[in-house]
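Biologist: Please show me the model. I would like to ask about the labels and the cut-offs behind them.

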Amino acid sequence: MKTDFNNNQFLVQNLKNGNEKAYEYLVEEYHHPLCVYANSLVNDKDQAEDIVQNVFIRTWERRQNLKSDFTIKSFLYRSVHNEFIDQYRKQKSVTALEKKYIEELDRIVDKDEVFFEKLLSLVQKEIQNLPPKCKKIFLMSKQEGFSNIEIAEHLNVSIKTIEYHITKAFAILRKKANKDMEPILFLLFGYKRTKKLNA
């Protein structure tokens, strides 16, 4: 059954039908990457957990509203993004740069699912094209959620080396990015890192 849930349409349909096994699969499959993403936005693991928990609860409560033809992964990332924006706006003022990326993301999200998914695929493709060491460090940091210190210890290199490769990865990705892809980098990896590279 778990293998069947790898099929996006089958998973969404079972969620709509109230299948608790489908929901368990959803949480097991996406909890960690979504927490890593949320933490890249808020830089607070407890708050990141709360954001992701809220998204999963709301997804289950509103499962009847899910569309069978959309990609659940895109939906979850957008939901985490929206939850972060809601909390962020309540807590503090939004800088001009952050406002720019938020508006751009809203514009992209308002387009169809295929367009959004295509952009995600392009970003993932460019990540795979990064130089090997650069890609390894970038993925350990941004997808697996390791801290710079943990990566440095694991690879037996200095923290400065880790920072260099992460900055280099962003520089390469931003150079390859078109005006639509850049907000996706923001969506996946957080505004703090994006701002840093603009400095």
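Biologist: Which residues form one aromatic cluster?

Modeller: Phe-5, Phe-10 and Tyr-25 form it. One caution: this is a predicted model, with local features needing pLDDT of at least 70, side-chain atom pairs counting only at pLDDT 80 or more, and totals for chains, interfaces and linings using all residues. Residues are numbered from 1 along each chain as its sequence is written, and side-chain values use heavy atoms, with hydrogens and water left out.

Biologist: What is the mean pLDDT of the protein?

Modeller: The mean is 78, and 72% of the residues reach 70 or more. The scale, the predictor's confidence in each residue, runs from 0 to 100. Over residues 191–199 the pLDDT is below 50. That stretch still has 24 contacts in the model beyond near neighbours in sequence. Contact means heavy atoms within 4.5 Å.

Biologist: Why is the pair of Tyr-23 and Trp-60 called tilted?

Modeller: A search of the whole structure finds five aromatic pairs. In this one, the centres are 5.0 Å apart and the planes meet at 45°. Rings of Phe, Tyr and Trp (its six-membered ring) pair if their centres lie within 6.5 Å; planes under 30 degrees apart count as stacked, over 60 as edge-to-face and the rest as tilted. So 5.0 Å makes Tyr-23 and Trp-60 a pair, and 45° makes that pair tilted.

Biologist: What makes this pair a tie between parts of the chain?

Modeller: Tyr-23 lies in helix 2 (residues 20–42) and Trp-60 in helix 3 (residues 45–61), so the pair ties together parts 37 residues apart in sequence. Helices here are DSSP runs (H or I, at least four residues), numbered from the N terminus.

Biologist: Why is the pair of Phe-138 and Phe-170 called edge-to-face?

Modeller: The angle between the planes is 80°, with 5.4 Å centre to centre. The angle is over the edge-to-face cut-off, so the label follows. Phe-138 is in helix 7 (residues 132–142) and Phe-170 in helix 9 (residues 159–176), 32 residues apart.

Biologist: Why does Phe-138 count as buried?

Modeller: Its relative accessibility is 0%. Buried means under 20% relative accessible area, exposed over 50%, partly exposed in between (1.4 Å probe, protein chains only). Phe-138 therefore counts as buried. Phe-170, at 3%, also counts as buried.

Biologist: Why is Asn-54 called partly exposed?

Modeller: Asn-54 has a relative accessible area of 28%, which lies between the two cut-offs, so the label is partly exposed.

Biologist: What makes the link between Asn-54 and Glu-83 a polar contact?

Modeller: The side chains are joined at 3.1 Å. A polar contact is a pair of N or O atoms within 3.5 Å; within protein, one must be able to donate a hydrogen and the other to accept it, and residues adjacent in sequence count only if both atoms are side-chain atoms. The distance of 3.1 Å is within the cut-off, so it qualifies. Asn-54 and Glu-83 are 29 residues apart in sequence.

Biologist: Why does Thr-59 count as buried?

Modeller: The relative accessibility of Thr-59 is 5%, so it counts as buried. Thr-59 is found in helix 3. Its side chain reaches the backbone oxygen of Val-55 at 2.7 Å.

Technical notes:
Helix = DSSP H or I, 4+ residues; strand = E, 2+ residues; numbered from the N terminus.
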